[in-house]
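Please open the model in a viewer and keep the sequence panel at hand. The tour proceeds by selection, with a note on what each selection shows.

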Amino acid sequence: MTDFEKRFLRRGPVRARSAWVASLCAAAFGVGWSGAPAVAQAYPTRPITMIVPFPPGGPADAPGRVIAERMGKSLGQAAIIENVGGAAGSIGAGRVARARPDGYTIVLGNTSTHVMNSALYALPYDVLNDFAPISPLVTTPLALFARKTMPARDLRELIDWLKANPGKATAGFASATFQIINVFFQKQTGTRFALVPYRGSASGMQDLAAGQIDLYFTTPAELPLVRAGSIKAYAVTSDTRLALAPDLPTFAELGLPSLSFANWYALFAPRGTPGDVIARLDAAAVDALADPATRSRLVALGVDGFPREQQTPTALGALQRADAGKWWPIIKAAGIKAE
C-alpha cells in the first residue's frame, strides 16, 4: 500500500474510506456495487476462425471470404478464414466438430460436408448431431464445363460424343456433391467416363483449362473462363437460366430435369455452443446478406442468398435433415462409392 493510500484510510471521511475499500473488494472478487457477480464481457472479445474445409481458390472460398469480411463489421471482431482442405472437406469439418464450443471456431459447411459425405465416408463425427446450425448463407447451381477443344458444340452433341467414346473421357471433382452429380449425369444419359478426384476445385479447373481432363461440374463462378475462351460450358443445374449467362441452357429444358440441383453453403458451430452465441453469429450473417455491397459481390460469384425468413438456425437444421433424408437413400440405392 502506498503512503497516499495509508494517509487516505487514516484521514479520509468514513464514507470515502468505505467506498475505496468496496472498490478494492470489487476488483479482487469480481463483484459490483450491488454485491452481484460482475457481468462477463459480451461475445465476441477476440477474432473468430471460420474454417473453409477446402483449399483456397475453390467455390466455397470466395463467398466465404466475402461474407466473413462483412460479418466482422457486425461482430466488432475479425472473422478470419482458415482453409483446411483434404478428404472431401471432412478434415476441416472434423476439426470444428472437435473444437471448443465457445463460438470462436466455426465452419463454412455445404451440401457435401454436412450431408453427402456421411453417405460416402466413415466419418469420425456425426454430421447431423455434432454441429450446431448457425445460418444458411447462399445457394448456387452447378454448371457442366469442358475443355475448350471438346468437339461437341452443345449438350446433345456432348452426350453423343461420350456414347461414341465410352470410358475414354475424364471428369474431375473435388467434393462429394460434385462426384454424385457426375454419377447422376452418367446414369441419366447412358454415358460412361472416368472420375478424377482433386483436393480442391482450383487445381481441377487448371487441368481442365490445360486440356488435361475433359469435363468438370462446378459452380458458375468459373463462367469468366468461358467468356475468355479458356473452357466451354454446356448447361446449368438451376431451374431457370442464370442472369450471368442467359445463353446457357438448363438441364431441365434440355430434357434432363432430374439434374436440377442447388448446392448450399451455411455456417455451423460445434455442438454445445451456447444459444446466445449462436444467435449473435446468426445476426451477423443476416446483416451480411442484407448489405447491398455484399449482395452485389455474391451475385457476381453466381450465388444467391437465402430468403430472410430462412436465415435461422432452425431453418438450417431442417434443410440439412431434409437433404439427408432425400440423398442418403438415393446414394445407397445407386451404389455410389467414394472415389
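Which residues line the second largest cavity? Select Met 116, Thr 177, Ile 180, Ile 181, Phe 261 and Trp 327, which together form that lining. Please bear in mind throughout that this is a predicted model.

**The two cavities**

Stay with the second largest cavity, which holds about 30 Å³ of space. Colour helix H7, residues 176-189: this helix supplies three lining residues, the largest share of the lining. By class, the lining of the second largest cavity consists of five nonpolar residues and one polar residue, with no charged residues.

The count of cavities of 30 Å³ or more comes to two. Turn next to the largest cavity, with a volume of about 110 Å³. Its lining comprises 16 residues; select Phe 54, Pro 59, Ala 60, Phe 178 and Ser 201, which lie nearest the centre of the largest cavity. Then add helix H8 (201-209) and strand S10 (263-270), the elements that give two or more residues to the lining of the largest cavity. The lining of the largest cavity divides into nine nonpolar and seven polar residues, and charged residues are absent from it.

**The six-stranded sheet**

Strand S10 also leads to the next selection. Display the open sheet of six strands, whose order is S2-S1-S3-S10-S4-S11 and whose pairing is mixed. At the edges stand S2 and strand S11 (304-305); each has a single partner strand, so one side of each is left without a neighbour in the sheet.

Now isolate S1 (48-52). Is this strand largely enclosed or left open by the rest of the structure? S1 is largely enclosed, because four of its five residues are buried. In the sheet order, S1 stands between S2 and S3, and both pairings can be followed in the viewer.

- S1 with S2: the two strands run parallel and are joined by five bridges. Select Ile 48 and find Ala 79 of S2 opposite. To trace the chain from S1 to S2, follow helix H3 (residues 61-75); this β-α-β crossover is right-handed.
- S1 with S3: strand S3 (residues 105-110) pairs with S1 in the parallel sense over three bridges. Select Ile 51, whose bridge partner in S3 is Val 107.

**Backbone particulars**

Three residues outside the strands deserve separate selections for their backbone geometry. As a background, most residues other than glycine have a negative phi, and most peptide bonds are trans.

Begin with Tyr 43 and Pro 44, which are joined by a cis peptide bond with omega of about -5°. Pro 44 is found in the loop between helix H2 (14-29) and strand S1 (48-52), ahead of the strand just examined.

Move on to the loop between strand S2 (79-83) and helix H4 (90-97), where Ala 87 is placed. Ala 87 is not a glycine, yet has a positive phi of about 55°. Ala 88 lies in the loop between S2 and H4 as well, and phi of Ala 88 is likewise positive, near 55°. How do these residues stand with respect to solvent accessibility? Ala 87 counts as partly exposed, because its relative accessibility is 43%. Ala 88, at 15% relative accessibility, counts as buried, the cut-off for that class being under 20%.

From Ala 88, select Tyr 121 and display the C-alpha atoms of both: they are separated by 9.4 Å, although the residues are 33 apart along the chain. Tyr 121 belongs to the loop between helix H5 (111-120) and strand S4 (131-140). With a relative accessible area of 26%, Tyr 121 is partly exposed.

**The five-stranded sheet**

For the last stop, display the open sheet of five strands in the order S7-S6-S8-S5-S9, which has mixed pairing. Strand S7 (194-197) and strand S9 (231-236) stand at its edges, each with a single partner strand, so one side of each is left without a neighbour in the sheet. On average, neighbouring strands of this sheet are turned by 30° against each other, direction ignored.

Within this sheet, select strand S6 (residues 170-173) and strand S8 (residues 215-218), which pair in the parallel sense over two bridges. To locate one of their contacts, pick Gly 172 and its bridge partner in S8, Tyr 216.

Note on methods
Residues are numbered from 1 along each chain as its sequence is written. This is a predicted model: local features need pLDDT of at least 70, side-chain atom pairs count only at pLDDT 80 or more; totals for chains, interfaces and linings use all residues. Side-chain values use heavy atoms; hydrogens and water are left out. Buried means under 20% relative accessible area, exposed over 50%, partly exposed in between (1.4 Å probe, protein chains only). On a 1 Å grid over the protein atoms alone, a cavity is a set of points where a 1.4 Å probe fits but cannot get out, and a pocket is an open set with protein on both sides within 12 Å along at least five of seven lines; lining residues have an atom within 4 Å of a point. Grid points are joined across faces, edges and corners, and a volume is the space filled by probe spheres set on the points. Ala, Val, Leu, Ile, Met, Phe, Trp, Tyr, Cys and Pro count as nonpolar, Asp, Glu, Lys and Arg as charged, and the others, Gly among them, as polar. Two strands pair if DSSP finds at least two bridges between them. A crossover is right-handed if, with the strands pointing away from the viewer, the path from the first strand over the helix to the second runs clockwise. Axes are lines fitted to C-alpha atoms, for helices over the stretch in contact, and angles run from 0 to 180 degrees between N-to-C directions.
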